[in-house]
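Work through the exercises below with the coordinates open. Try each task before reading its solution.

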Amino acid sequence: MSVEGTWDLSISTPVGKIKAVAEFRQADGILTGVARGAGEEVPLDDVVLDGDRLTWKQAITKPMRLNLAFSVRIVGDTLTGTSKAGRLPSSKVTGARRGV
């Protein structure tokens, strides 16, 4: 299964929905990515695809400084899962891959 491409994400947080864009690329068997949202671009760390489960970590500074851990399930061109920020409750994540 490939996750490569550009994904439009929606994250339901306690302070409202946040829209973001994540891009995943694979080179030499290594999966990498970058996320854009809230006026910043951040690299994705520890990007791992295990079957249909995709996980990654990222640090953001807007709207506040947080370290996020994502765990989502990929089904075709959609994803669903959660994002966790430290001791805060998990936030629901949904997404769709953009067409080529």
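**Exercise 1. Contact range**

Of the contacts in the protein with a separation of 6 or more, what percentage is accounted for by residues 24 or more positions apart?

Solution. The model is predicted. Take the contacts with a separation of 6 or more, then keep the pairs 24 or more positions apart. These pairs account for 23% of that set.

**Exercise 2. Elements and overall dimensions**

List the secondary structure, then test the fold against the globule rule.

Solution. Step one: count the elements. The protein has 8 strands and 0 helices. Read from the N terminus, the order is β-β-β-β-β-β-β-β.

Step two: apply the rule. For 100 residues, a compact globule would have a radius of gyration near 13 Å. The protein has 13 Å, so the value agrees with the rule.

Step three: get the box. Along the principal axes, the C-alpha atoms fill roughly 35 × 25 × 20 Å.

**Exercise 3. Surface and charge**

Describe the surface, the buried fraction and the charge separation of the protein.

Solution. Start with area. The accessible surface is about 6,100 Å². Carbon and sulfur atoms hold 54% of that surface. Next, burial: 35% of the 100 residues are buried. Finish with charge. There are 14 positive and 11 negative charges, and their mean positions lie 10 Å apart.

**Exercise 4. The nonpolar core**

Which residues touch the most other members of the largest nonpolar core, and which strand gives the most to this core?

Solution. The largest nonpolar core has 22 residues. Within this core, F24, L54 and W56 touch the most other members. Now map the core onto the strands. At least two core residues come from each of β1 (5-13), β2 (16-27), β3 (30-37), β4 (40-50), β5 (53-60), β6 (66-75) and β7 (78-85). β6 gives the most, with 4 residues.

Then inspect F24 itself. Skip its neighbours within four places in sequence. The contacts of F24 then are V3, E4, G5, W7, T32, G33, L44, V47, L54 and W56. This list includes L54 and W56, both named above with F24 for touching the most other core members.

**Exercise 5. Positive phi**

Where do D28 and D46 lie, and are they buried or exposed?

Solution. Take D28 first. Its phi is positive, about 55 degrees, although D28 is not a glycine. D28 sits in the loop between β2 and β3. Its relative accessible area is 81%. The cut-off for exposed is over 50%, so D28 is exposed at 81%.

Now D46. Its phi is also positive, about 50 degrees, and D46 is not a glycine either. D46 belongs to strand β4. Its relative accessible area is 51%. Against the cut-off of over 50%, D46 counts as exposed because its value is 51%.

**Exercise 6. Sequence distance against space**

For G16, Q26 and T80, give the strand, the accessibility class and one C-alpha separation.

Solution. Partly exposed covers the range between under 20% and over 50%. Use it for each residue in turn.

- G16 is in strand β2. Its relative accessibility is 28%, so G16 is partly exposed. D45 is 29 residues from G16 in sequence and 25 Å away in space, C-alpha to C-alpha.
- Q26 is in strand β2. Its relative accessibility is 44%, so Q26 is partly exposed. Q26 and G39 are 13 residues apart along the chain, and their C-alpha atoms are separated by 25 Å.
- T80 is in strand β7. Its relative accessibility is 45%, so T80 is partly exposed. Q58 is 22 residues from T80 in sequence and 17 Å away, C-alpha to C-alpha.

Last step: list contacts, leaving aside neighbours within four places in sequence. Q26 is in contact with E4 and L31. T80 is in contact with V72, R73, V93 and T94. E4 appears in the contacts of Q26 and in those of F24.

Definitions and conventions. Residues are numbered from 1 along each chain as its sequence is written. This is a predicted model: local features need pLDDT of at least 70, side-chain atom pairs count only at pLDDT 80 or more; totals for chains, interfaces and linings use all residues. Side-chain values use heavy atoms; hydrogens and water are left out. A nonpolar core is a set of buried Ala, Val, Leu, Ile, Met, Phe, Trp, Tyr and Cys residues joined through side-chain atoms within 4.5 Å. Buried means under 20% relative accessible area, exposed over 50%, partly exposed in between (1.4 Å probe, protein chains only). Contact means heavy atoms within 4.5 Å. The radius of gyration is taken over C-alpha atoms; the globule rule is 2.2 Å times the number of residues to the power 0.38. Accessible areas come from the Shrake-Rupley method with a 1.4 Å probe; for residues, only the protein chains shown count as cover. Lys and Arg count as positive and Asp and Glu as negative; His and the chain ends are not counted. The place of a charge is taken as NZ of Lys, CZ of Arg, CG of Asp or CD of Glu.
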